[in-house]
Amino acid sequence: MSGSSHAPIPDTADHVPRGPRGRQRTLSGWGRVAPSRSELIDVRGAEDVAAVLAARRPRCGGVIARGAGRSYGDAAQNAGGAVLDLTRCNRILSIDDEALLVRVQPGVTYAQLLPALASRGLMFAVVPGTRYVTIGGAIASDIHGKSHHRDGTIARHLAALRVCTPADGVREITPERDPELFAATLGGMGLLGVIVEATLRVEALESPWWLVDSDRTDSLEQTIAVMAADEAHRYSVTWLDLMARGSAIGRGVVMASNDWGPAPAAPAQPGWLHRRAGDPAALPPPRLQAPPGFPGAVLAPAVVQAFNSLRWHASKRRERGVAMALAGHYFQLDLVRNWNRLYGTHGFVQYQFVVPNGAEAGVVAAVELLRTRRLPAYLAVLKRLGPGSGGPLSFPIEGWTLALDIPAGVPGLRPALDELDELVAGHGGRVYLTKDVRLRRELLETMYPQLERFHRQRELVDPERLLRSDLGARLGLCPVAA
Ligand SMILES: Cc1cc2nc3c(=O)[nH]c(=O)nc-3n(C[C@H](O)[C@H](O)[C@H](O)COP(=O)(O)OP(=O)(O)OC[C@H]3O[C@@H](n4cnc5c(N)ncnc54)[C@H](O)[C@@H]3O)c2cc1C
């Protein structure tokens, strides 16, 4: 479709052309639960996006953007409607080393962006736990990295966006000129328009090495205390062992790091992940790959329990100044390609919530609830977050965020997670929509009390309510027109 010209489209109720056509596909998120059928349409640029939005009508099922499909739940799918596949809009358009500004198409991934920046001595401050997400998806989720307490969300590092909306077609928005629309688009889960270009603010990368300090802890209380006491690091993330028994539940490894800064080109003692690394800024492809059709039973609780115990015992009680290169510092989850298949055909749910500072008891109570309801959290990651970015649907609030990967086939999962929602909301917290696949809409307003701001912007940019996703429909974020 790239570069094609489109005949004018009559805009009458009788004649409703559908515009560029796609192919029917079953789509799901990274957790591989709640699949649905949509018409998947390849787009190659802003012109294609504008043509689809101009041609479609809400009664044909609506339209939503999709990046790499790495959101865990049902955000990038649209049962019975259209889904725009933006992965081919993947060009880095310009890098301005002087102004520290980089223009990209939305389908550019971190796997493309970071090496391109590093080769020019540059870096982007907000990096998720996988390199395979697109910049468009990252913006739509207003993502945070492990430096959120210092660097905020991706919103803080954007100079401008070009967005295609049903009402206005392609337009540029900036935080200064369009503060409300900009704030609502960041975290707006694609429901306020399709991002067709982003201008990122980047920073100098003085060395592609990071210095990591780690502390092994014996209990959840100790983990929280060690994390709360840390003010010295730009990055921090904690792996928790929630499969341990008794008072050991919540033991973990707190990993906190800083930029290496202006220093000799390579450290004397690289960490184990990087002894082999030639170029420390390289992102080598994963060495391992989970095969399709992996039997779910292999990742059984006893196996994960043993693995976690091994990992915990293998970590030193206290380690300082281990050098890590780009891939190891940011992307340990990318070591196994398609690791989501390890959960088998039922898939898994990632439940990520945040509670404010002072509500640490909410984290402890959540872990206790997992224990009493016998929910196995195979992977658990605890992070501290800094102040939020101000967007009505943006996730972070200053406090503590816990992300839990739980196999979807576990008996009693749904009611237990409903209970967890109540607990989180009761502590003034919220769940992260880009991970969600089952939150009930009654709780959305409690968790996101500024929803009205989001709806106001939607009325302006999408009055006919064309933009629609399964997540949006489930949570009442994109009610159909009366
Ligand atoms: C292993 C792993 C680690 C992760 N680590 C982190 C982390 O550390 N921090 C964090 O915050 N998140 C993290 N995430 C979540 C991830 O960053 C977000 O879900 C992100 O949105 C995924 O991007 P994507 O390109 O896969 O988007 P998709 O999953 O395809 O889409 C996600 C949302 O973005 C919208 N969207 C996509 N492209 C566009 C566009 N061009 N215009 C408008 N809307 C668009 C979609 O409609 C959808 O609502 C992680 C995910 C995984 C799988």
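Which residue of β10 stands opposite C164? The legends below take up this pair and other close-ups of a predicted model.

**View 1. C164 faces V194 across a strand pair.** The residue opposite C164 is V194, in β10. The two strands here are β8 and β10, which pair in the antiparallel sense. Six bridges join them. β8 spans residues 158-165. This strand is mostly covered, with seven of its eight residues buried.

**View 2. β8 and β9 make a hairpin.** Three residues lie between the two strands. β9 covers residues 169-173 and pairs with β8 over five bridges. The sense is again antiparallel, as for β8 with β10. T165 stands opposite G169 of β9. β8 therefore has pairings with both β9 and β10. **View 3. Five residues come nearest to the ligand.** They are A65, R70, S71, T134 and H144, out of 36 residues around the ligand. T134 places a polar side-chain atom 2.6 Å from a ligand oxygen atom. H144 uses its backbone instead: an N or O atom there lies 2.7 Å from a nitrogen atom of the ligand. I195 also contributes a polar backbone atom, 2.8 Å from a ligand nitrogen atom. The protein covers 98% of the 960 Å² of accessible area that the ligand has on its own.

**View 4. Three elements each give two or more residues to the ligand shell.** These are β3 (63-66), α3 (135-140) and β10 (194-201). β10 is also the strand that pairs with β8. By residue class, the shell holds 19 nonpolar, 13 polar and four charged residues.

**View 5. Four strands form an open, mixed sheet.** The strand order is β1-β2-β4-β3. β1 (23-27) and β3 stand at the edges. Each has a single partner strand, so one side of each is left without a neighbour in the sheet. From one strand to the next, the twist averages 40 degrees. β3, one of the edge strands, also gives two or more residues to the shell around the ligand.

**View 6. β1 pairs with β2 at one edge of the sheet.** β2 covers residues 36-42. The pairing is antiparallel and runs over five bridges. Within this pair, R25 stands opposite S38 of β2.

Note on methods
Residues numbered from 1 in each chain as written. Predicted model: local features only at pLDDT ≥ 70, side-chain atom pairs only at ≥ 80, totals over all residues. Heavy atoms only, no water. Near = heavy atom within 4 Å. Polar contact = N/O pair within 3.5 Å; in protein donor to acceptor, adjacent residues only side chain to side chain. Areas by Shrake-Rupley, 256 points an atom, 1.4 Å probe, with all protein chains shown as cover. Nonpolar A, V, L, I, M, F, W, Y, C, P; charged D, E, K, R; others polar. Pairing = 2+ DSSP bridges. Axes fitted to C-alpha atoms, helices over the stretch in contact; angles between N-to-C directions. Buried < 20%, exposed > 50% of the residue type's maximum accessible area, 1.4 Å probe, protein only.
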